[in-house]
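The following note sets out points for a colleague examining this model. Please read each point beside the coordinates.

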Amino acid sequence: MRNRIIWLIFLFPAFIHLQAKDYSILDFGAEEGQLSTAAIQKAIDECSEEDGGRVIVPAGTFITGTFFLKSNVNLYLENGSVLKGSN
């Protein structure tokens with residue numbers, strides 16, 4: 001019985017990670033080379049409302065102002081992605 005509990009302790013975080021959903025900023029209206037702050041924030045907000053996951057920034061350069069991360073949201077930048085601050 002003790003071995004089962006130990007396995008559950010180790011496997012539970014992996015199980016939660018498998019349940020996490022991905023939210024691409026492109027699905028929220030972000031466009032490469034354009035100001036995408038609102039789209040990034042929408043992706044973060046929806047991800048948070050749905051109990052967390054990853055907000056994905058795909059390869060390319062995306063311009064953004066200030067956005068606010070929330071609990072259980074991971075910002076994931078794919079290879080070749082750049083978040084460039086706006087003036």
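In which strand is the place of Arg-54? Arg-54 lies in strand β2. The points below start from this residue and proceed to the sheet, the core and the whole chain.

1. Status of the model. The structure under review is a predicted model.

2. Exposure of Arg-54. Arg-54 has a relative accessible area of 24%. Because buried means under 20% and exposed means over 50%, Arg-54 is classed as partly exposed.

3. Surroundings of Arg-54. When residues up to four places away in sequence are not counted, Arg-54 touches Lys-21, Asp-22, Tyr-23, Cys-47, Asn-74 and Tyr-76. Asp-22 is 32 residues apart from Arg-54 along the chain, yet their C-alpha atoms are separated by 4.8 Å. In β4, Asn-74 serves as the bridge partner of Arg-54.

4. The open sheet. Strands β1, β2 and β4 form an open sheet of three strands, in the order β1-β2-β4, with parallel pairing. The edge strands, β1 and β4 (73-77), each pair on one side only. On average, and with direction ignored, neighbouring strands of this sheet are turned by 30° against each other. Helix α2 packs on the sheet and touches β1, β2 and β4; the direction of α2 makes about 165° with that of β2.

5. Pairing within that sheet. Four bridges link β1 (residues 21-24) with β2 in the parallel sense. Between these two strands, Ser-24 has Ile-56 of β2 as its bridge partner. The chain passes from β1 through α2 to β2, and this β-α-β crossover is right-handed. On the other pairing, β2 and β4 run parallel and are joined by five bridges.

6. The pair β3 and β5. Strand β3 (residues 60-64) and strand β5 (residues 81-85) run parallel, with five bridges joining them. Gly-60 has Ser-81 in β5 as its bridge partner. The two faces of β3 should be inspected separately: Gly-60, Phe-62 and Thr-64 make up the covered face, whereas Thr-61 and Ile-63 make up the uncovered one.

7. The nonpolar core. How many residues does the largest nonpolar core have? It has 14 residues, and those with the most contacts inside it are Ile-25, Ile-44 and Val-55. Helix α2 (37-49) and strand β2 (53-57) each supply at least two residues of this core. The largest share, five residues, comes from α2.

8. Contacts of Ile-44. Ile-44 merits a separate look, as one of the residues with the most contacts inside the core. Leaving aside neighbours within four places in sequence, Ile-44 is in contact with Val-55, Phe-67, Phe-68, Leu-69, Lys-70 and Val-73. Val-55, one of these partners, is likewise among the core residues with the most contacts.

9. Overall organisation. The secondary structure consists of two helices and five strands, and along the sequence these follow the pattern α-β-α-β-β-β-β. Of the contacts between residues at least 6 apart in sequence, 46% join residues at least 24 apart.

10. Burial and surface. Of the 87 residues in the protein, 29% are buried. The accessible surface comes to about 6,300 Å², and carbon and sulfur atoms account for 54% of that surface.

Notes
Residues are numbered from 1 along each chain as its sequence is written. This is a predicted model: local features need pLDDT of at least 70, side-chain atom pairs count only at pLDDT 80 or more; totals for chains, interfaces and linings use all residues. Side-chain values use heavy atoms; hydrogens and water are left out. A nonpolar core is a set of buried Ala, Val, Leu, Ile, Met, Phe, Trp, Tyr and Cys residues joined through side-chain atoms within 4.5 Å. Buried means under 20% relative accessible area, exposed over 50%, partly exposed in between (1.4 Å probe, protein chains only). Contact means heavy atoms within 4.5 Å. Accessible areas come from the Shrake-Rupley method with a 1.4 Å probe; for residues, only the protein chains shown count as cover. Two strands pair if DSSP finds at least two bridges between them. A crossover is right-handed if, with the strands pointing away from the viewer, the path from the first strand over the helix to the second runs clockwise. Axes are lines fitted to C-alpha atoms, for helices over the stretch in contact, and angles run from 0 to 180 degrees between N-to-C directions.
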